[in-house]
Structures are given as structure tokens and as C-alpha cells.
Amino acid sequence: MWLYILLTVSVTLLGLLIEGNYITFGKINPHVYRCYSPNRLRVVDDSSKQAALNKVVSTAIFILLFAVSALRVAVGNDYWPYRFNFLLIAADRTVSSEIGFNMIVKIMQWLFGLDNYIVIFALFSFITALFFVKAIYDQGEWVWLNYFLLMANGFYFSSFTSVRYYLALSIALFSLKYVMKGKPIQFTFTILIAAVLFHKSVLIVIPFYYLAKLRYKKWHLIPLLGLCASFWIFSSFYRKLVFLFYPFYENSAFDDNKISYINILKALAVLVLCLIYYKPAIKDNIKNKILFNLNIIALIIFSCLWFIPETTRVGYYFSSTNIFLIPAVLSRIPSRRQKIFFTSVVVVAYSGYFAMYLKSCYEISIRLLPYMSWLFI
């Protein structure tokens, strides 16, 4: 547990050295960096000391994240099942993973040996850490807080289990910049590659990321509330509709009908913060409007689609973008005192959530703790 805490603190402190990218009106300018206030903008040439420092520190963070993930062994409830599936893939047996994923495993087995599963896990750790860091490097505005929220929410640590899903999640976060920049071909291509190689569930972000980009008016709330009500009233109908396409989920271990109250509470809290500072932070900022809408989508999924298996995983594709939304809102609070107050509230609240998350990591169904490394076996 202390390793996870130390890693979170280290990555957060390193983030203080990075000046995040300033993103506005759907355009990303890699030459303009933000410090700690939306009013403190300055052009930073690629050859400047700050630009070089950003790259060096981001590389250091990547190495830390990659190393802790790659050096693990028997961490995560599906670590050994993955190893078993690797052997099934080598024997050309049927497995549930994507064709591209199976091909990557076979190539790694050909290069490093049939049962060298540690190297295979290391490859996926490399890719996941790379896309998490690259997503924040490209889109983070208040970088230390971006990294703190990534770690405290458990998105990074959860990638030690559900390997394929969190790899796809990291790519989805990375691809969000293409939506902001109005590059649909690059965005769609990136998501399709992630779906073929790692987890097909990531395909859901293609329509919803673009729905989040549309401009909405106040009257749109009426049909939206009606749709949400229909999910509760006609939940049995929607379940049947879902199981027409995914019959293997019905009455499975994933079909538990559990409502994730903690995720609902988190999405609601972010919504309240955004509404309080809607005018300075969101109203005239296309990027933040998209992030704001994605949080609403996450809230609807967590609160209204509880009857669908794997609801939490689906919702994370949208709620994970709050690692960008929360710092973007906090950095635009006009009052310095209010900014300090709400930033402190966010840090304390997510620190408490992180403590709860770490405690849950010891559960047999999760098994992310205790941490073990093959270096000491």
C-alpha cells in the first residue's frame, strides 16, 4: 500500500514541474503553456528550457508508472487467468479476447518464449502508461492535479487488472484531443485500432464523444429527463434489448444489478462544481463544454443504466475525462480564495476516496494488494 501512496505522491509532485497545455475553442497549440491561472499564458518555444523540462519530467513519470506496473507479479484478480489465456492462444484455442490482442500475444511468444508471460504483461504496461502520460501531456492544463486525479481515482492502479479494458481506456483518453481539434478521421481510426487490438467496448466512445460535442439548449433537458425516466420505468425492456446482442451476460457474474453510489456521488459533485463556475469556466469554452457533457453522460449511465452488466466500465470511459475537467474548472475560478478553497476540497475528497480504494484493493475479488514483484521472487 505504501508503494502506491509513494508513487502517487511522487507523480503528483513531479507534475508541479510541468506547465500544462492551454486548450481553447477546440484547438490545441503545443507552443502555448498554462501555469496555474488562466490569465498567466506565455508562448514557450520548443527549444526553451520549460519545453525541455516538460518532456524530461513527463518521461520520468512514464518510467515510474511503467516500472511499477511491469515489475508486478500475481497482482490483480485476473493475472493468472490472463497467463492461462496466453497459453490457450498459443495452442490456437478459442478465447474471448480480440483477434489483434491474440496476435500480439503470439508474436511476443515467438520472440521471447511460450510461457514468458512477464514480458507480455510488461508490453501492455508500457502501452498503457504511455497513453496515460501522453494524454495528460497533450491535454493537461494543471498537470499536478491531472496526475493526482488519475492516480487517486484508481485508473492507473486498476490497469494492473482488467488489462485490456484499461489499456483501451488510456487510448480513449488520448484520442479525446482529436475530438477537441475536430479531426474525426484520426479519432475514429485510433478508437478502431484500440477496439481491434485490445477491447471492443471502447467503440462506445465514438458516438458519445461526438454527442458531447453538440451544442445543446435548455429545452433539451426535457427529452433528456424523459429518456432517463424511461430507463427506470422500462428497465426490463432495455435489459432484453441489451441481451439480444450480448446474451452471454444475462445471469452471469457481471449481471448483478448493483448501483454504484460512489460514482454517482462523484459525478454529481463535479456537476455542482461546474454549475457554480459555469460562466467563467465552461460557457464560452468548447473544450470544457465537451468535458462537462461527458460528465453528464457518465452520471446518466451510473444512475439510470444500473441494470446493464458492466455499467461501471462503460461509465468510466466518460467519467475518466474528469481528470481534465476538474482542473480546467478550478484553474478558471476568478477568486483566489475560492480557487484555493475548492482545490483543497477536491484534494481532500479524492484523498479520502483513494484511501477507500486502497482498502478495497485487498479484497479477493480485486487483489491489487499486497503488491508483489518478480524481482524479489
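## Three regions of a predicted model

In this predicted model, helix α3 covers residues 79-90, and its 12 residues should span 16 Å at 1.5 Å a residue; the end C-alpha atoms are 17 Å apart, which agrees. Within α3, the residues Y79, Y82, F86, L88 and I89 are buried. The cover over these buried residues includes α4 (99-112), α5 (117-139) and α7 (163-180). An α-helix has 3.6 residues a turn, so residues three or four places apart point the same way. After α3 comes D92, which has a positive phi, near 60 degrees.

A second region concerns S319, which is placed in helix α15 (residues 311-319). Because its relative accessibility is 11%, and buried means under 20%, S319 counts as buried. When residues up to four places away in sequence are not counted, S319 touches A298 and F302.

The third region lies on the surface, where W232, I233, F234, F237, L241 and L244 form a nonpolar patch with about 680 Å² of accessible area together. Two elements, α10 (221-233) and α11 (235-245), give two or more residues to this patch. The largest share, 3 residues, comes from α11. W232, a member of the patch, lies in helix α10.

How do W232 and S319 compare in their accessibility? The table sets out the values.

| Residue | Helix | Relative accessible area | Class |
|---|---|---|---|
| S319 | α15 | 11% | buried |
| W232 | α10 | 42% | partly exposed |

W232 is therefore partly exposed at 42%, whereas S319 is buried at 11%.

Key
Residues numbered from 1 in each chain as written. Predicted model: local features only at pLDDT ≥ 70, side-chain atom pairs only at ≥ 80, totals over all residues. Heavy atoms only, no water. Helix = DSSP H or I, 4+ residues; strand = E, 2+ residues; numbered from the N terminus. Expected span 1.5 Å × (residues − 1). Buried < 20%, exposed > 50% of the residue type's maximum accessible area, 1.4 Å probe, protein only. Contact = heavy atoms within 4.5 Å. Patch = residues over 30% accessible without salt bridge, like charges linked within 9 Å, V, L, I, M, F, W, Y side chains within 5 Å. Areas by Shrake-Rupley, 256 points an atom, 1.4 Å probe, with all protein chains shown as cover. Salt bridge = Lys/Arg side-chain N within 4 Å of Asp/Glu carboxyl O.
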